[in-house]
Amino acid sequence: QLQLVESGGGLVQPGGSLTLSCAASGVSLRPYAIGWFRQAPGKGREGVSCISKGREYYSDSVKGRFFIYRDNAENTVSLQMNSLKPEDTAVYYCAAESTPYVCDYLYGSGWSELRDFDDAWGQGTQVTVSS
């Protein structure tokens, strides 16, 4: 059974950078689309990035600042976060889905429909951006 673990969160000043990693043990992530999501205090969960077999996607709020990439040797998917803002403060989650084109669907829905990501979710990692 696929299990995901996020790491790399922490406290950072505005304008700083963090790299989050989503790791799996025993099961390769290569067949899966991987999404990164976040939930701020008092807010619903929203998608911020997604990587499929051949494409990467970003929400408008993070485009140009965040970058998603795979490291197949380490069996991880990472989210490099640059120029962080206080509004980026949230718990960040990764999730996996084997359905083809799921990233396209998530992007087309405005990053609001998360139901298709039902194969696995991580426990989350806290990112706090504050001076």
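The following dialogue examines how terms are assigned in a predicted model, with attention to one sheet and two loop residues.

Trainee: What makes S3 and S8 paired strands?

Mentor: Two strands pair if DSSP finds at least two bridges between them. Strand S3 (residues 18-24) and strand S8 (residues 76-81) are joined by six bridges in the antiparallel sense, so the criterion is met. Within this pairing, threonine 19 stands opposite glutamine 80, and cysteine 22 faces valine 77.

Trainee: How do you know that S7 is also a partner of S8?

Mentor: S7 and S8 run antiparallel and share six bridges, where at least two are required; therefore they count as a pair. Tyrosine 69 stands opposite serine 78 of S8. Four residues lie between the two strands of this hairpin, in which asparagine 75 takes a positive phi near 55°.

Trainee: Why are S1 and S7 called edge strands?

Mentor: The open sheet has four strands in the order S1-S3-S8-S7, with antiparallel pairing. Strand S1 (4-7) and strand S7 (66-71) each have a single partner strand, so one side of each lacks a neighbour in the sheet. On average, neighbouring strands are turned by 15° against each other, direction ignored.

Trainee: What makes S8 a mostly covered strand?

Mentor: Five of the six residues of S8 are buried. A residue is termed buried when its relative accessible area is under 20%.

Trainee: Why is leucine 84 called buried?

Mentor: Leucine 84 has a relative accessible area of 2%. The cut-off is under 20%, so the term buried applies. Leucine 84 belongs to the loop between S8 and strand S9 (90-97). Leaving aside neighbours within four places in sequence, its contacts include Val12, Pro14, Leu18, Phe66 and Val129. Leucine 84 and valine 129 are 45 residues apart in sequence, with a C-alpha to C-alpha separation of 6.7 Å.

Trainee: Is glycine 16 buried or exposed, and how do you know that?

Mentor: Glycine 16, with a relative accessible area of 18%, is buried, because the limit is under 20%. Glycine 16 lies in the loop between strand S2 (10-12) and S3.

Trainee: Which residues are in contact with glycine 16, leaving aside its neighbours within four places in sequence?

Mentor: They are Met81, Asn82, Ser83 and Leu84. Contact requires heavy atoms within 4.5 Å. Between glycine 16 and serine 83, which are 67 residues apart in sequence, the C-alpha to C-alpha distance is 5.5 Å. The contact with glycine 16 also appears among those of leucine 84.

Note on methods:
Residues numbered from 1 in each chain as written. Predicted model: local features only at pLDDT ≥ 70, side-chain atom pairs only at ≥ 80, totals over all residues. Heavy atoms only, no water. Axes fitted to C-alpha atoms, helices over the stretch in contact; angles between N-to-C directions. Buried < 20%, exposed > 50% of the residue type's maximum accessible area, 1.4 Å probe, protein only.
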